[in-house]
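I opened this notebook to record what I looked up, entry by entry. The topics are the sheet, its surroundings, the charged pairs and a few single residues.

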Amino acid sequence: MLGPPYNHTMKTPATFFLVGVPGLQSSHPWLAISLSAMYIIALLGNSLIVTVIWMDSTLQEPMFCFLCVLAAVDIAMASSVVPKMVSIFSSGGSSISFNACFTQMYFVHVATAMETGLLLVMAFDRYIAICKPLHYKRILTPQVMLGMSVTIAIRAIIFMTPLSWMVSHLPFCGSNVVLHSYCEHIAVAKLACSDPMPSSLYSLIGSSIIVGSDVVFIAASYSLILQAVFGLSKNAQLKALSTCGSHVVVMALYYLPGMASIYVAWLGQDIVPLHTQVLLADLYLVIPPALNPIIYGLRTKQIRERTWSLLMHCLSDHSILGS
């Protein structure tokens, strides 16, 4: 996936050391507690959604299938960084091997690229459901859903594999201390002995293209939804506006910190404190996986009812076994 290390006369470090959040070492225990809480919520919430959708044959509509994939991506995205962050913040376990560092970097890149693609298709799903309800099943067939999911994964791999390859093939011959809490590519690339500009520029352009195009189509979908909603009854308007509003909040919490961390690293690294840059990048990987199950899942009536039914069934079986 990443290929062998760069063939350089100077020795490539076997290990990197992650410092956590530079300048906020005294707050590391509190960060460890906060991250652990959000990670537990993300794991439980997303696992519950995957289980409920997988077990219930009535939840096989496109929206729930996309939600199931989103939950799986959220688990992978959070799990690729949070356990190591908690280890750094709680016990100072800051070392990470060269290969593990770039594997983590690759999974973070692919997961975030897939996440934005899934948010786009879920917005498209809502547009079809509200604006073209009579054609919903004809447009979003299982084949179309599979094609969308595969396209999202292929796009993420095509865009992000070259970035991880470029950074992993840089010559590292100086410091091996990464001023970050995970192997963020710009922080790692700064340690290279050669110019990291090509990989950094690729990251900036690639992220701008992916996120920019997705945000434009998401905004267009919700604009058309709002236009259609204003022709409905008052109750239907309030319900649709509540749903769309919560979705927009989640997307804002995903896109704003993510893009801010990228552009700040390029344009405002001398203006914005380093600890703020690191926290932005951290929150962007942790908050959405914790909120998505609540906003997209438990706020949905069908999933809420099926989840309650599943929990009651488990408790009933447990009480029967206990007696």
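The entries below follow the order in which I looked things up.

**Entry 1: the model**

I noted before anything else that this is a predicted model.

**Entry 2: the sheet**

I looked up the strand order. The model has an open sheet of 3 strands, ordered β2-β1-β3, and the pairing is mixed. Which strands stand at the edges? They are β2 (95–97) and β3 (177–178). Each has a single partner strand, so one side of each lacks a neighbour in the sheet.

I then took the two pairings in turn. β1 and β2 are antiparallel and share 3 bridges. In this pairing I found Phe16 opposite Ile96 in β2. Strand β1 (residues 15–18) and β3 run parallel and are joined by 2 bridges. Here I noted two opposite positions: Phe17 faces Val177 in β3, and Leu18 faces Val178 in β3.

**Entry 3: the two faces of β1**

In a regular strand the side chains alternate between the two faces of the sheet. I checked β1 for this and found the alternation there. Phe16 and Leu18 point to one face and are buried. Thr15 and Phe17 point to the other face and are not buried.

I also looked for a helix against the sheet. Helix α3 (residues 98–131) lies across β1 and β2, and runs at about 85° to β2.

**Entry 4: a nonpolar patch**

I looked up where Phe17 goes from there. Phe17, Val177, Leu179 and Leu274 make a nonpolar surface patch of about 300 Å². Two of these names were already in my notes, since Phe17 stands opposite Val177 in β3. Leu179 is in the loop between β3 and α6 (185–189). I classed Leu179 as partly exposed because its relative accessible area is 45%.

**Entry 5: salt bridges**

Side chains of opposite charge can pair when their charged atoms come close. How many salt bridges does the model have? I count 2 salt bridges.

One is between Asp214 and Arg155, with the closest N and O atoms 2.9 Å apart. This pair links distant parts of the chain: Asp214 is in helix α7 (residues 197–229) and Arg155 is in helix α5 (residues 142–168), 59 residues apart. Asp214 has 1% relative accessibility, so I wrote it down as buried.

The other is between Arg126 and Asp125, where the closest N and O atoms are 2.6 Å apart. Is Asp125 buried or exposed? Asp125 is buried, because its relative accessibility is 0%.

**Entry 6: the loop between α6 and α7**

I looked up two residues in this loop, Leu191 and Pro196.

Leu191 has a relative accessible area of 14% and is therefore buried. Beyond its neighbours within four places in sequence, Leu191 is in contact with Phe16, Phe172, Ser175, Asn176, Val177 and Val178. Phe16 is on the buried face of β1 in my earlier entry. The C-alpha atoms of Leu191 and Val177 are 8.0 Å apart, with their positions 14 residues apart along the chain.

Pro196 is partly exposed, because its relative accessible area is 22%. With neighbours within four places in sequence left aside, Pro196 is in contact with Leu170 and Ala189. I also took its separation from Phe124: the two are 72 residues apart along the chain, and their C-alpha atoms are separated by 37 Å.

**Entry 7: Tyr202 in helix α7**

Tyr202 belongs to helix α7. Its relative accessible area is 27%, so Tyr202 is partly exposed. Which residues is Tyr202 in contact with, leaving aside neighbours within four places in sequence? They are Ile158, Phe159, Pro162, Leu163 and Met166. For Pro162, the C-alpha separation from Tyr202 is 8.7 Å, at 40 residues apart along the chain.

**Entry 8: Ala32 in helix α1**

Ala32 is in helix α1 (residues 28–55). Its relative accessibility is 5%, so Ala32 counts as buried. Leaving aside neighbours within four places in sequence, Ala32 is in contact with Val86, Phe89 and Ser90. I also looked up Val82: Ala32 and Val82 are 50 residues apart in sequence and 9.2 Å apart from C-alpha to C-alpha.

Terms used:
Residues are numbered from 1 along each chain as its sequence is written. This is a predicted model: local features need pLDDT of at least 70, side-chain atom pairs count only at pLDDT 80 or more; totals for chains, interfaces and linings use all residues. Side-chain values use heavy atoms; hydrogens and water are left out. A salt bridge is a side-chain nitrogen of Lys or Arg within 4 Å of a carboxyl oxygen of Asp or Glu. Buried means under 20% relative accessible area, exposed over 50%, partly exposed in between (1.4 Å probe, protein chains only). Helices (H or I, at least four residues) and strands (E, at least two) are DSSP runs, numbered from the N terminus. Two strands pair if DSSP finds at least two bridges between them. Contact means heavy atoms within 4.5 Å. Axes are lines fitted to C-alpha atoms, for helices over the stretch in contact, and angles run from 0 to 180 degrees between N-to-C directions. Patches are made of residues with over 30% relative accessible area and no salt bridge: like charges are joined within 9 Å, nonpolar side chains (Val, Leu, Ile, Met, Phe, Trp, Tyr) within 5 Å. Accessible areas come from the Shrake-Rupley method with a 1.4 Å probe; for residues, only the protein chains shown count as cover.
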